Amino acid sequence: MRLNIISVLFPLVFFKYFTDINIEMIQYMDGIGLRWPLPEIKHMLPIGISFYTFMAIGYTIDVYNEEIKAEKNIGILALFISFFPLILSGPIERAKNMIPQFKSLNAIDFNSLSQGLRFILWGYFMKLVVADRIGIYVDTIFINFQQHNGSTIMFASFLYPFQLYTDLGGYSLIAIGVSKVLGISVMHNFNRPFFASSMSEFWRRWHISLISWLTDYLYTPLSFYFRSYKVWGIVIALMITFIISGIWHGAAMTFVVWGLLQGVFLSIEALSNNSKNEIEKKYNLKKRIWYNILGITITFVLFAVSQIFGRSNNLEMAVNILTRIFSTSGALFIGPPSNFIYIIVGLLMVLLKDFADEYYPSKFQLFDNSNKIIRIFSFSLIFITILIIGVFDGGQFIYFQF
C-alpha cells in the first residue's frame with residue numbers, strides 16, 4: 001500500500017511543489033554564496049491533479065483495508081479516476097460509490113435528466129452571476145489594497161468567502177448535474193455552510209468531499225494513533241490534518257498559516273466543548289435566536305479572516321492587509337454601481353435560497369414546486385438573470401489551480 005501511495009503521490013509532489021521548493025533553494029543558496037546544482041524549472045500544473053490523486057489514494061487505502069475489492073477491470077478503474085465531470089475540481093468521490101454505478105448503468109430517465117439540468121442551471125448562476133461578479137470587486141481591492149481604506153478591505157474580505165462558495169459550489173453543482181444527466185449520483189459538496197454556528201459544524205458543511213476524505217484517511221488514523229493523549233491527541237490530529245490541508249491548497253506559507261488557523265479554531269472548540277455544552281444546556285441557549293445568530297456571525301468572521309491568508313500572494317501582503325483594516329478608515333469603495341448592485345442582487349438570491357432550504361425546506365420551493373407555472377417561472381428567471389447579468393468573460397474556476 002505504501003509503495004502504491006508513494007507512486008501516486010509522486011506526480012502531485014513533482015508538479016505542484018517541486019518548482020517552488022527548487023526556487024526557494026536557489027534563492028537560499030545564492031544568499032549564502034553557494035550554487036544550487038539544479039536549474040530553475042517551470043512547468044504547467046496538470047489541471048485537477050490534486051483531486052484525482054486523492055481519489056486514487058482513497059481507492060488504494062479502501063482496497064488495503066478490505067472495504068472494497070480490487071477492481072479487475074482496468075477500464076472501470078480508469079473511468080473512476082478520470083470521470084470527466086469530477087476531474088477538474090471534484091467532488092472527490094469514493095470508489096465504493098462510483099464503481100458499482102459504472103457497472104450497472106441504466107438508460108437515462110427523465111427524472112435524472114431534469115434534476116441534473118436543474119443542478120447545472122443553478123451552478124452556472126452561482127458561478128457566472130455571483131462568483132465572477134464578486135471576483136471583479138475583490139480582485140480590484142486585493143490587487144491594489146494599498147490604495148484602499150480599512151472599511152473597503154474589510155468588506156472585500158467578507159465578500160471573498162462568498163466568492164469561494166459560489167465558485168466551487170457552482171462548479172460542484174455543474175459536475176453533479178452532468179453526472180446526474182449521465183445517470184451517475186455524486187456526493188454533494190456544500191450544505192449551506194454560512195448557516196453553521198461553529199467551526200466544527202462549518203467544516204461538516206464546506207467542501208464536504210475533501211473534509212470527509214481527510215477525516216477518513218488522515219484525521220481518524222491520527223486521532224487513533226494519538227489516543228493516549230486523550231483530548232490533546234485530538235488537538236494534535238486536528239493541527240496536522242489542517243496544516244496538510246493547507247499545503248494541499250498550495251506550496252506557500254500563506255496556506256500553511258491558513259491551515260494552522262483552522263486547526264487552532266477547531267482545537268479551541270474541542271478543548272472547550274464540554275464547558276460550552278454545559279452552559280448551553282443550563283441556559284437553554286440553543287433555542288435562542290440571538291445565540292444562534294451570534295454563533296453564525298463569529299464562525300463567518302473567523303473563516304473570513306483566515307481566508308485573507310488564502311487570498312494573499314504572501315505573508316507580508318496578508319499582514320499588511322490586516323494592518324490596514326484596523327489602521328485606516330474612510331468611505332466604502334463602490335466601483336461601477338451596476339456591478340455592485342448585481343453583486344447584492346445575486347448574493348441575496350443565493351442566500352435567500354439557502355435560508356429557505358435551511359429553515360423552511362418544504363414551504364418555499366421554487367425548482368421543486370408542485371405548481372408547474374411556478375417551476376417554469378423559476379427556471380426562466382434564473383436563465384434570464386444569467387444571460388443579463390452573468391459574467392461570460394470571467395476567470396477560470398478558483399479550484400482549477402489546486
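Q: In this predicted model, what percentage of contacts between residues at least 6 apart in sequence join residues at least 24 apart?
A: A contact here means heavy atoms within 4.5 Å. The count takes in pairs at least 6 apart in sequence. Among those contacts, the share that joins residues at least 24 apart is 73%.

Q: How many helices and how many strands does the protein have?
A: From the N terminus on, the elements run α-α-α-α-α-α-α-α-α-α-α-α-α-α. The strand count is zero, and the helix count is 14.

Q: What is the radius of gyration of the protein, and what does the globule rule give for 402 residues?
A: The protein has 14 helices. Its radius of gyration is close to the value from the globule rule, so the protein is as compact as a globular protein of that length. The radius is 23 Å, and the rule gives 21 Å.

Q: What share of the 402 residues counts as buried?
A: Buried means under 20% relative accessible area. By that cut-off, the buried share of the 402 residues is 47%.

Q: Is Ser 172 buried or exposed?
A: Ser 172 is found in helix α6. Leaving aside residues up to four places away in sequence, Ser 172 touches Asn 189 and Phe 190. Its relative accessible area is 2%, and the cut-off for buried is under 20%. So Ser 172 is buried.

Q: What distance separates the C-alpha atoms of Ser 172 and Ile 120?
A: Along the chain, Ser 172 and Ile 120 are 52 residues apart. In space, their C-alpha atoms are separated by 9.1 Å.

Q: Which helices are among those that cover the buried residues of α13?
A: Helix α13 covers residues 337–359 and reaches 32 Å from its first C-alpha to its last. Its buried residues include Phe 340, Ile 343, Leu 347 and Val 350. What covers the buried residues of α13 includes α5 and α6.

Q: Which helix gives the largest share of the nonpolar patch?
A: The nonpolar surface patch has an area of about 670 Å², and Trp 232 and Leu 271 are among its residues. Val 231 is another member; it is partly exposed, at 31% relative accessible area. Val 231 lies in helix α9. The largest share, six residues, comes from helix α9.

Q: Are Lys 127 and Asp 132 buried or exposed?
A: The side chains of Lys 127 and Asp 132 meet in a salt bridge, at 3.0 Å from N to O. Lys 127 has 4% relative accessibility, and Asp 132 has 10%. Buried means under 20%, so Lys 127 counts as buried, and Asp 132 is also buried.

Q: How many residues apart in sequence are the parts tied together by Arg 311 and Asp 139?
A: The side chains of Arg 311 and Asp 139 meet in a salt bridge, at 2.7 Å from N to O. Arg 311 lies in helix α11 and Asp 139 in helix α5, so the pair ties together parts whose separation in sequence is 172 residues.

Q: Which helix holds both Lys 276 and Glu 280?
A: The side chains of Lys 276 and Glu 280 meet in a salt bridge, at 3.9 Å from N to O. Lys 276 is partly exposed at 31%, whereas Glu 280 is buried at 8%. The two are four residues apart, about one turn of the helix, and both lie in α10.

Terms used:
Residues are numbered from 1 along each chain as its sequence is written. This is a predicted model: local features need pLDDT of at least 70, side-chain atom pairs count only at pLDDT 80 or more; totals for chains, interfaces and linings use all residues. Side-chain values use heavy atoms; hydrogens and water are left out. The expected span of a helix is 1.5 Å times one less than its number of residues. Buried means under 20% relative accessible area, exposed over 50%, partly exposed in between (1.4 Å probe, protein chains only). Patches are made of residues with over 30% relative accessible area and no salt bridge: like charges are joined within 9 Å, nonpolar side chains (Val, Leu, Ile, Met, Phe, Trp, Tyr) within 5 Å. Accessible areas come from the Shrake-Rupley method with a 1.4 Å probe; for residues, only the protein chains shown count as cover. A salt bridge is a side-chain nitrogen of Lys or Arg within 4 Å of a carboxyl oxygen of Asp or Glu. The radius of gyration is taken over C-alpha atoms; the globule rule is 2.2 Å times the number of residues to the power 0.38.
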